[in-house]
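Subject: The structure I promised you

Hi,

Here is the structure we talked about. Have a look at it first, then read my notes underneath with the picture open.

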Amino acid sequence: MNTDIIRTESLSKQYDDVHAVSDLSLNVRKGEIYGFLGLNGAGKTTTIRMLLGMIRPTSGVAYIKGKKISSNNTELWKSVGSLVEIPFSYPELTVRENLEIVRRLRFMDDKKAIDKVIDKLKLGAYANRKAKNLSLGNNQRLGLAKALIHNPEIVLLDEPANGLDPAGIYEIREMLSDLAANQGVTIFISSHILGEVSRFATRIGIIHEGFLVKEIDANQLETLCSKRLLINANDLEKAYKVLSQQGYVLKKTPDHLLEMNDEFVVSQPDIVATIMVHASCPPTLLKVEEEDLESYFLKTIGMKGGIH
Amino acid sequence: MFWGTILFFMFVSTMMGLMLFVQLHPEIASKLGMIGDKASMLRFGEPNWQNYFKLLMMGISAIGLVGNGFVASWVFGREYTDHTVKDLLVLPVSRSSIVFSKMIVIVLWSLILSFVYLMMGILVGLFIDIPAWSADIAWSAFHTYAVTSFLILFLCTPLAFLACYSRGFLLPLGFVILTLIVANFTGLVGLGPYFPWAIPGLYATSSGTAAMPLHLVSYIILLATGLLGLLGTLAIWRLADQK
């Protein structure tokens, strides 16, 4: 039984000679939090707009709950909440009035839904403030409130942490994690910050120049980040010779250190220390360095800054 | 915005009343510093209710186009300038419903403005005691006024289309100004009955312009313009990429 809530098959979007999205095939299962990562202009927002029927794909097809996404299939949106790019609201209306409009447009009978979502997004102090007078962060919260007011089964969020302070980011992360874990909500979230998304996504897809270059389970991320051993000594050339003669592969780094990437050696740097001491060339620096997530991300998309 | 347009329409019809007031009381007007040329005023005829209604009719055919145009441009255009279109696109309602709902708002708003304009004009007329009131004249004028207002409604859809196409309201507002200029020009060269934006004005004053009578084809052109505007707006909402 197919439990894919969101599924795309070779989804592509081309504008003149620009391939915004190319041959994108992904699937998101019920209750998953799928982190969709990419640089600015990678195709994240275009993908989300296609998933919301705002843009027609050049080729390929996308499904939500097994139903094909199109501008005609508006019934789908009953169970979908979304936030696309910067959220905007009617500037002359207050937070409460903007949410009231959404409630009515969604034919929701429950008038208490507004208070509930205001509490959930910590907008209580700003409920009667006009949207034009909200800070960036509070506007973001209002956008999230509009996406969640109708308790959707599926949530598509485009960079939801924009403008939020660290406390706000933490709150949103906890809220989304709770929605997915305890209420089975399926979440598709795009971002360009791997470190942030990796904290709560269950699966991560990396998009670059319109192509999905990698998909990984978030719990595998740590094992995929590479480690290296950095070595320094008073006589670096001698250290290089000694270790090379022992059969180890070394590289010289731009900042005049020696680097070893062999997994076994990195896990047991004391072996290197022993060899160097016996050769009267003791190390002055012996450091295991783990690739950070940003470097891993940049390496994956083939950019400088990634550790190769 | 709604109350702003109401006040504006009230202001314009009050100004129409003021013109009659100047005609009725030239001595007061000159004391107030308004030096009116009575000869030029007399092109409206004597200051009575019949001619006052004609004046109001001329006013609505111009200001009605502007007001209707502004309303149509704003109702659709502001969703783009405020970037709230994307919230409408993810509602569980058909996009056609959204377009028709906004069109209904435009129609109701325009009708309210027309009503306010006429009522204010009548109130001002009663206040300044315009002579020769007649129920028959009033009823005939009301009928012409109602039809003129109705004809103007057909011209809101092309503006809605332009607002959606340009993703704002500057282009449609510019178009409104252009149509007013062209309507005047077509009137001068006798092509008014074939230019949609001149047709309501010609209907409003048709009893006095035998030189440019409206034909059945005029109404067909007006209807076709309205229909094309509506279809264009629907096409943008249903088919175009919403970036």
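Below is what I found, going from whole chains down to a single residue.

Before anything else, please keep in mind that this is a predicted model.

**Chain A as a whole**

Chain A contains eleven helices and 15 strands. Along its principal axes, the C-alpha atoms fill a box of roughly 80 × 45 × 40 Å. You can also look at the radius of gyration: a compact globule of 308 residues would come out near 19 Å, but chain A has 25 Å. The domain assignment splits the chain into domain 1 (4-218) and domain 2 (227-290). Between the C-alpha centres of these two domains of chain A there are 47 Å. As for burial, 36% of the 308 residues of chain A count as buried. If you take the contacts in chain A between residues at least 6 apart in sequence, 66% of them join residues at least 24 apart.

**The six-stranded sheet**

Now find the open sheet of six strands in chain A, which has the order E7-E8-E9-E4-E10-E11 and mixed pairing. Its edge strands are E7 (80-83) and E11, and each of them pairs on one side only. On average, neighbouring strands here are turned by 15 degrees against each other, ignoring direction.

Two of the pairings are worth tracing by eye. Strand E4 (residues 33-37) of chain A runs parallel to E10(A), and four bridges join them. In that pair, A:Gly35 stands opposite A:Ile204 of E10(A). The other pairing is antiparallel: E10 (residues 203-208) and E11 (residues 211-217) of chain A are linked over six bridges. A:Ile204 turns up again here, with A:Ile216 as its bridge partner in E11(A). The hairpin made by E10(A) and E11(A) has two residues between the strands, and in it A:Glu209 takes a positive phi near 50 degrees.

There is also a helix to spot on this sheet. Helix H4 (residues 136-148) of chain A lies across E7 and strand E8 (154-158) of chain A, and runs at about 165 degrees to E7(A).

**One residue to zoom in on: A:Lys214**

You'll find A:Lys214 in strand E11 of chain A. Is A:Lys214 buried, exposed or partly exposed? It has 16 other C-beta atoms within 10 Å, so it is partly exposed. Leaving out residues up to four places away in sequence, A:Lys214 touches A:Ile206 and A:Thr300. A:Thr300 is 86 residues away along the chain, yet the C-alpha atoms of A:Lys214 and A:Thr300 are separated by 7.7 Å.

**The four-stranded sheet**

Chain A has another open sheet to look at, with four strands in the order E13-E14-E12-E15 and antiparallel pairing. Why do two of its strands have a side without a neighbour in the sheet? Strands E13 (251-252) and E15 (283-290) of chain A stand at the edges with a single partner strand each, so one side of each is left free of a neighbour in the sheet.

Further in, E12 (residues 227-233) and E14 (residues 258-260) of chain A pair in the antiparallel sense over three bridges. One pair to click on is A:Leu230 and its bridge partner in E14(A), A:Glu259.

Two helices go with these strands. Helix H8 (residues 236-245) of chain A lies across E12 and E14 of chain A, at about 130 degrees to E12(A). Helix H10 (residues 269-278) of chain A lies across E12 and E15 of chain A, at about 165 degrees to E15(A).

**Chain B, and where the chains touch**

How many helices and strands does chain B have? The count is eleven helices and zero strands. Of the 243 residues of chain B, 41% count as buried. Among contacts in chain B between residues at least 6 apart in sequence, 78% join residues at least 24 apart.

Finally, the contact between the chains: 16 residues of chain B and 19 residues of chain A take part. On the side of chain B that touches chain A, helix H5 (residues 85-89) of chain B gives the most, with three residues. That side of chain B is made up of five nonpolar, four polar and seven charged residues.

Happy browsing, and shout if you get lost!

Note on methods
Residues are numbered from 1 along each chain as its sequence is written. Chains are lettered from A and ligands numbered from 1 in the order in which they are written. This is a predicted model: local features need pLDDT of at least 70, side-chain atom pairs count only at pLDDT 80 or more; totals for chains, interfaces and linings use all residues. Two residues are in contact if their C-beta atoms, placed from the backbone, lie within 7 Å. Ala, Val, Leu, Ile, Met, Phe, Trp, Tyr, Cys and Pro count as nonpolar, Asp, Glu, Lys and Arg as charged, and the others, Gly among them, as polar. Two strands pair if DSSP finds at least two bridges between them. Axes are lines fitted to C-alpha atoms, for helices over the stretch in contact, and angles run from 0 to 180 degrees between N-to-C directions. A residue is buried if 20 or more other C-beta atoms lie within 10 Å of its own, exposed if 12 or fewer, and partly exposed in between; C-beta atoms are placed from the backbone. Domain bounds come from an automatic or database domain assignment. The radius of gyration is taken over C-alpha atoms; the globule rule is 2.2 Å times the number of residues to the power 0.38.
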